[in-house]
Every structure is written in C-alpha cells, then in structure tokens.
Amino acid sequence: MTTVETPTTEAAPETTLERGYVGLDYPRKEDRRLLQGQGVFVDDIKRWGMGYVHFVRSPYAHAKILSIDVSKALAVKGVYGTLTGDEVALQTDPFFQIASEPGAHVRDYALAVGKARYVGDPVAAVVAETRELARDAAELVEVEYEPLPAIVDARRALDEDAPILHEECGGNLAWQGTYEWGDLDAAFAEADHIVRISELHFDRFNSTPLELDGALVEYNRGTGQWTLHCNNQFPGFAIIMMGPALRVGLDKLRFVTQDIGGGFGNKITSHPQLVACCLLARKLNRPIQWTEWRTEFHQSMSHGNERWFQDIEVAVKADGTLLGFRCKALDDAGAYLRYEPLGGVIWSQVTPGMYRWRNIRVDFTQVMTNKAPVSPNRGYSRMQHLWLTERIIDIVAHELGFDPIEIRKRNYIQPEDMPYETPNGCVYDSGDYPRALDLALELIGYDQLEERRRDAESRGRLLGFGIGSTLDSGTNNFGQSQLINPDLQFSGNNEVATVKLDILGEIVVTLGTTPQGQGHETTAAQVVADILGCSPDDVTVRAGHDTYWNSHAGFSGTYASQFAVTGLGAVKGATEELARQMRVLASMVFGCSPDDIELVDKHARIKGNPEAALPFQALGAIVNAGNAGFPEDPPPLNARYVFRPKFEVPDKERKFGNLTLTYAMQIHACVVEVDPETGYYEVVDYAAVDDCGSRVNPKIVEGQVMGATAHALGAAIWESFVYDDEGNLLTPNFYDYHVPHALDMPPLRTGALESPSPFTPLGTKGMGEGGGAGIHAVCAALQDALRSRGGAIVSDSHNPYHRVWAMLRDPDATRANVEVVSK
Amino acid sequence: MTAVAASRLITVEINGVTYEHEVPARRLLVHFLRDDLALTGTHIGCDTGNCGACTIHLNGEPVKSCMLLAVQVDGASITTVEGLAPDGELTPLQQAFSEAHALQCGYCTPGMLMSASALLERNPHPSEEEVRIALQGNICRCTGYWNIIEAVQRAALSGGSA
Amino acid sequence: MIVKGTKELPASREVVWGVINEPSEMAKLMPGVESFEVTDDRHWTAKVKVPLGLGGLKMTIDFERLEERELEFASMRAKGKGVGALMDMTTSFTLSEAGDGKTSMDWEADVKIAGPVGSMGQRVLQPIVNQQVSQVLEALEKRVTEASASS
C-alpha cells in the first residue's frame, strides 16, 4: 500500500545511529496484551471499598445556581457522600489562568460555583456503592436554577447586550492580539488582484476517543498524597493546574497511567473532574472511581476550536504569486478557559502555511460562549489556520482561473529554501513539498482524472478533485505562551527517559510519556536496541507514566506531535549514556580503554577480540551485587536523561521567534462524486503522502496518517457539535454525532517521503496529529465538483449533504462571499 | 426508586467456565462481565449502543453486551475476547491484526475481534465489502479501519476462523 | 422555539374571553391532563402526560397568568418539570372581532426545553409542540361553541 521514496538530499542529522532496528516495521510490543483483552484501561482498575461517582450536571446553558439540596440523595442506603460547588469554593483555589487581561479573571473550579455556564457543567457529585446507585441518587439531588439568557453565537458574544458569562471579566472577551509581519500596504499596492473573502468558518468537532475520561483516585491520609490512576494524557500540565488548586505541593499528586484508549488531545483538560475526585477521596476516606459517560464527554470535554475568519483580503500578482493576506480571526473558546487562550498563538507556528508569502496580518480575538469548553484537539489551532491558507489558495485559483496544482507549486516554499525562516521567525526544518504533491497526484491517478470525470457525468454525477496540503508542527516551544501573557514563566520543552541495566542483564526503560496507541514501547525499544547492540525483544519499556518513577519533567505527556523528537530524544540520550557507562565498566574489568569496547550481540567486548566479552548480565551483576575490588566507583548503569530542544524565548514585541522544532508535512488528494439532485456525495478515491523525516517504524507512522485521515474525513462530512439557540447540544452522543465506520471509508493509497530534520537527535519529526489535510482536500474537491453548476464557493470546513444541496440550489449566495478587485 | 434493586440468580457459561451469580435485575451484561466477574477485556465506549466496543458472542452470535441485561443470559453460553486464546497463543486472526497494524490504542480491538471472528465462522472467505459490512457496528478512532479490513482478509486467507 | 398562528373561533369575544381568562376552564383544555388544581385566580397546577417516549412523559406544570387587557389580550407562563425535561413556556392570546359574532384569535407560544430531552432538538420537539397546540385549539373551539350555545 505504500510507495516509499528514499531520503532527499538534505544534510544528514547529527546521529551516531546506524539503521538497524530503527526504520523497520518492527512488530508492536503492546499488541499481545491488547489483543487478548489484557490491557489495563482506567475503568479496569478496582479497589476494595471504592465508591462510584456520578456528576449532577446543569441542564441549562446559563443559569444562576440558587440552591443545591443533597439530602434526599444522602438518605439513600449505599450512598457514601456528595460534593457541591460551595464546598469546592471553600477547599480549593480557582484554577490558574493562562490568559492575561481580561481572561485572567475567569474563576474556574472543579464544580460550578454560583453559576452554570454550559449545558453539562457539573454542579454536584454523588458517590455510591454501585454505578447504578450513583446515577439514581444523582437524580435525587435538587438543584434550583434561575435560567439566564445564553450566548451561543460567537459573532454576537461581544455585542453590547450579550449575556456575560464571567462578570469578573466584564464581558466575554478572553484574549485579543494583533499579529503583523512584513509590509501589508506595499504588498497590496503591488498586487494585480485583490481577492476578498468575507467569511470562512471552521466548525466545532473533536476526535471522540473511544475510551472516555476516567480515574481511580486514592488518598493517603498519612502522607497527604493522592494517587490518580487515570488516562490524562498530559500529567505535566494537570499537575501544575491541580497542585495550587488543591493547595498542595506537586509531589502530593502521583499520576499513574497504563493503557489509554485514544487521546488526540481530548484527554488533556480533565483536571477539574480529577480535583473533584481528589476532594471526594479525602472527604469520604475511600477510593473514588470515575468514568465519564459518552454523553458527558460530548457535552463537556475538549471541543475543538471553532473559528471564523472574516474580512480576508489576499494580494495576488498576475502570474499567481501570492504576496500576502490579512484577516480577522474569531475563536470560540466555550464557557471556560482551560488550555486557552494558547490557541491564540499556537496557530502562528505555521503562519504562512506552506507558502512563501511574507506579508501577513491576523487580528485574533477569542471569546467565551455558553458551550462546552474548548481545548486541544488533533491538529490543535494549526489545522484551523492551515485550512484558511488552503481555502485561500483554492478560492484564489478558482476566481482567477489558475490551476490548483500549478498555483501551489508556484507558491510552495521550495526544498532549496530549507531550512526556511517564516515571516514570524519559525524555522521549517526540511521538506520537499512539490515532490510530495507529485507523488500524491501519481497515487490518485491524476492523469486519468478527465476520463473519470466524463464517466461520472455519464452516470449523472459531478466529479470533483481537490488537494489538501498541510503541516504538522511538532515539539512546542512553550515560550510562545508569553506572547499570550507576558507574565508567564513557561518556555522551552522537555521529556525524560531513564534506562538501566538490571542485575540479570535486563534492559529497562521508563518514560514520562502517556501513549494512547502510538507504540512508544516499541519505537523506544528499537532505538535502544540499535545503541546497545541487542534486539528490541531484550528491551523492556514500562507501559505508561508513573510519577514515582521520577522519569518525567514539567512538560511530560503525549501531545502535540513530539514523541519521536522529545521522547525518543530522551531515550537516545539516556541509552547513549548507559552505553558509555557499560563501556567504562567493561574497560575497568578488562583493563583497557573504554574506546576499545564495543557493544554487540548483548555483550560488551574488546573490538576485534570476541573472546574477551562480558555478557550484559555480568555487567549488571557486578554493579548491583558484586562491586568490591574496584579502585574507583564503577558506573551505576542507570541513566536518566532530560531531552531539551534548543529554543529561545520569543520576542514579545515583534511576536517573533521559533515556536516549534519540527515541521512534518502531509499532502492529500481526494476525488468526490456528487449527486446534483440531492447533494449526497461520496469520496471515491483518496491518496495521502506524508513526510515526517526519518521514520523509526514506518508501519506505525502510516497508521497515524491513516487515523488522521479518518478523523479529517469525519470532520469534513459527518461530525459536528451542533447547538440550538438555547445552548442545547443536539449531537450529544454517538446516536446523533456520526462517527465514520468501516463502510464510510474510501479506498486509500499512501506514500511517504523522508526529509530528515537537521535539528533532531534522530532526524525524526513528530507527526501524530496530521494537520487535518482531509478537511482541506474534501473542501477543495467539493468546490471543484460544483464548478459546472454555478461555481459555489466552499466556505465552511464541515459540508454535510444538506449544505452541498444548498450550494447546488443557490450557488450565488456563496459567491456573494467573494469579491475580486483587479488592476 | 429503592436502594436495592430486585436481583436474580443466574447461571451462565463464559469462556467455558460456568458462573452462578446473584445479579441486580437492572444490571447490564457488560457491567456484569466487567465489574462482577472482572472480565475487563470487553469495553464500553458509548451509551447508545453504537460503538460496538462491548461486542461478545452469545450462543455463537456477535451481540453488543451493553444492549442486554445480565438476567437475559441466564442459561446461555458466552465468549468474550479473553476466551479467544485462553492458553495465551494468539489465534490466526489476532496474529493478523498485529501483522497488519490493525490496532493502535487497542480499545476497540476486543469488539473488532469478536465481530470479525463471528464473520469468519459463518463466511470463511468474505469479500472486502462483506468485511466492511460485518464491521460497520464497531467504531475505531485510531486506525481508519483500512488495516483492520486487511487483517481480517489476511486471516481468512490463512484459513483461520478466529 | 416560537410557534404562532391565528384561529377563528365561532363565538363572541366575551365568550372566548370568559374561557381563556378562567383557570379552571383553561386547565380542562390541556391535552393529556390527568389532574389539575387551582391555587388562586392567577395560579394553577396541572399534571399532564405528553406523548414522548414509551408510555409518555409525565410533567407537573405550574401556570401563572401574567398580563391581561379585558377582551383583548391575555398572556401566561407555564413552567413544567418531568424526567429529563424542564419546560418554560410563555403564551399570549390577542382577540379581535371577526364579524358575524366570530372572534379572531392571534396566539403565540415561546417554548424552551432544557435537559436531555432538549438535546433532541427542534426536529423531534416541533411536531410534539405542534400537536399539543392543535389539540388545545381544537378543545378551545369546542368549548367556546358549547359556551356560546348555552349563553
């Protein structure tokens, strides 16, 4: 299924690694337990005497909480206890806010305090002996609400008369910032055409991981420490939020994860519910078991950023060169700021998209509305912006008569430009976009397109072809948070790995990451095996994350497309240090220089003298159990390494600096067939090309590309969080929110290029998120299909069949969105 | 609403072992399996019977265990994912899943295996379309299904029904 | 959601006003009423069963008369609570002469539903609301005809 091309002519990365196991489709270590149903997911964990918690949630999008009466619930036999917002407000401090003024005044707690601000906002919790009883008892909790008007349309959130969610903020503005680089006036003066697009809308959805959020929380009264078995995918962030809220030091929160059923960013902001569980565990003196319901997840967890782009103006030269653009961006953060407003800066990792324009201005406004709080979702904030750049180039091509392929090739950053500094100082490390586009065209059979179009026509169908090109920027420089709030102290990034050689020669690796299916145990073992001269089967990588392993740092977790750089960088560093220690120890035993020692076949031996060899077991035994007789201390054979990507704190005045270390790329090609009578359409063919630098395990990489494609197709065609005017979520479960299944997926061909990153220890780039190329490609294909029926302009990321039908019926309504002014 | 719901004594064979258990009448089969019997391989991914993560075999048929009450399986024979390879040796279908990289997080995998093995029992040589139809009730968010379909077809070719 | 319409009633304004202004008369018009209780001349409560789901959704609804102008205009508020549904509805009636001893009634209802039932959305709830409304109007028509005949 994959066509692989050999690496491009980029500088080889600084690595001492020879391709042994790295680069192979090594079978996954995780598979055996998962295939037998022996994975340990959070709801699988039991504790004697545990209480099941169920949250009472607001049915109103906006309401004052007048009173909560838990007495009837408490009276039921088997109910262990309750928690309300009043208790939370007494026992905890509001969560730290990332925002500067005015968002800084948001008061966010584990349960709603005083007011409920979205349908599903938890206002009380009930703990009982069984799951069923907890639910029943929750229905007996009497909450008196005074409903308030709700604000649901972000475009109205800053109106004079808009209902205000957080009075302390004085309005619904979360954050506002202006980004401008280059010379917009000169660009627009030089332009031969100015293309105006009045509004584009990126819709609200998320990745709905199949496993819901959950935790089993225990409290140790003697030490004041909580142990949280959970599936939070960014413990580094959760701990920073929870410690101060609970008024305890961070070491009082031990996070343990093992198997996680998908994260995609949606398991980052469960800290409010985790705090509620912590308070209950302490109050009731028993372990607390929490598993979210699907409906609760849809109503209240991690919606993706919904964003409008307004008053877009694009400066274009006669030959199709794009000089620049300016626009307003309006981002809807929902009811609370949990990871936001970081979305307000993270998009700027990919300011120009894949194009060479140098003059860009974005006026970014983020507002709060009575909807579920937004937080990272696969492609977080960059996907929205990259969709904008792809819509722009597609609409410009459509209006000015350029071929979508030629105009992209003309404007792409070229391979000889790499590493490329963007207008705001980000450095794209490597990549060959035109070659990737050619590969995508080859895979989709572009040459046969016109023939296919005629064939479709004969069957009464409109064929459309579209390209979606995108970037997946990875390994954040958290210094970009200071562009949101200059008082923040976060910067850089890190990840930790510990590798040791144990007494019986066992190689054990612990990581700070929280994998949710990315195969960390396998890829880490491949890297270790090549350095130590053994097989990945000889390497044990502990599953998941545990604070007690002391193998984590402030940014530990699995998010934002970075494991292949940060996680594996840490593994490489720790293993190289262990290898050095092993050579030193062997040299002590043999009485030679460490440079004379090589690690081969699970032995440390003198080069060129296979007789003089110590098996790993012997080395381990010496250090752990037989260390007498050495004049100097033998090395411990236990190495902990903190990987730190080299970043500077960005320039806050100019909003300039490198915000991410690596830039993986995907180019997708999509063929759709539209039924002009009904608007129903099918994706009939699809190709996805990916370049994430050196690939440690190509099959795992391809799996991520496929998963990202499926998510993007879902968002493009079927998935949307739809709210009515009262703030009721109309797609609160899998019955109404259609997640694509096996029959929905098109035929798929994948291809890969490898342009190693010159900036990373292994030449790898993070790539798990993908960048939403499927959304860009489907939009482009639909616009192409509708060209012959009035030339409707696709201006929404989400195009369900009824929207396509509307575009067929009234293309002029969509065309009114676009205006071209030519010299 | 009473504090203790009515309960029944049920007898059910699961993965070859006979269990006799008192269960509340309202308890879903999936909760009985996971909470009462600690057979946690069967998973829950939704609350509307759409996702299929809870799929088991009931008297040989693939069935969503969240759509049944435990009391309804009194006297029945059930197989869960733990029963596919009781001695720890992976079946050809499970092997094919691993080889084709048909699982990432593994959460949907037990349900997929139960649906796929039921398909191969009744149709040892399914077409790609038939595989897709058989799996349409099992949601996966990690793989996009392509590798899963390939795995099932590979298993069929190697003659393995489970 | 807002529903509104106009209904011509075969009775004089006095007769129509007599019905819609009297709590015990209004209570009898409600479809699926299982019982009602008049608290005072501005408040009454009814227990109703709305056709939704298996066996119907039982609700307790508290009514309050809001504003009126004799023979011309009446408005009231209804707040209802049932399993999974919280309803808040404001209705108004405007009467005018239609000639020939008939009355033209402009009616409007603003219905808000919260809770799990609310997430079913307009496409599910609108038909139910429409059905309830048409039953009320039918019952009103019948009642004013009776009242007219006996007056």
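Buried here means under 20% relative accessible area, with exposed over 50% and partly exposed in between (1.4 Å probe, protein chains only). This is a predicted model, where local features need pLDDT of at least 70, side-chain atom pairs count only at pLDDT 80 or more, and totals for chains, interfaces and linings use all residues. Residues are numbered from 1 along each chain as its sequence is written, chains are lettered from A in the order in which they are written, and side-chain values use heavy atoms, with hydrogens and water left out.

**Exercise 1. Work out which residues of helix α1(B) are buried and what they pack against.**

Step 1. Find the helix: α1 of chain B covers residues 29-36. Helices (H or I, at least four residues) and strands (E, at least two) are DSSP runs, numbered from the N terminus.

Step 2. Go through its residues. You'll get L29(B), V30(B), H31(B), F32(B), L33(B) and R34(B) as buried. That's 6 of 8, so the helix is mostly covered.

Step 3. Look for the partners. From chain A, α4 (131-140) packs against these buried residues. Chain B itself adds β1 (7-14), β2 (17-24), β3 (55-58) and β5 (77-79).

Step 4. Check what follows the helix: A38(B) has a positive phi, near 55°.

**Exercise 2. Describe where chain C touches chain A.**

Step 1. Count the residues. Chain C gives 10 and chain A gives 9 to the contact (heavy atoms within 4.5 Å).

Step 2. Get the area. The two chains bury about 740 Å² between them, 50% of it on carbon and sulfur atoms; buried area is the accessible area (1.4 Å probe) lost on putting two parts together, summed over both.

Step 3. Hunt for salt bridges (a side-chain nitrogen of Lys or Arg within 4 Å of a carboxyl oxygen of Asp or Glu). The rule finds 1 across this interface. E726(A) pairs with K112(C), their closest N and O atoms being 4.0 Å apart.

Step 4. See which element of chain C does most of the touching: strand β7 (residues 103-114) supplies the largest share, 3 residues.

**Exercise 3. Sort out which chains meet.**

Step 1. Of the 2 pairs of chains in contact, A and B share the most contacts.

Step 2. Chains B and C don't touch, and their nearest C-alpha atoms are 13 Å apart.

**Exercise 4. Say how much of chain A is buried, and list its box dimensions.**

Step 1. Of its 823 residues, 68% count as buried.

Step 2. Along the principal axes, the C-alpha atoms of chain A fill a box of roughly 90 × 70 × 55 Å.
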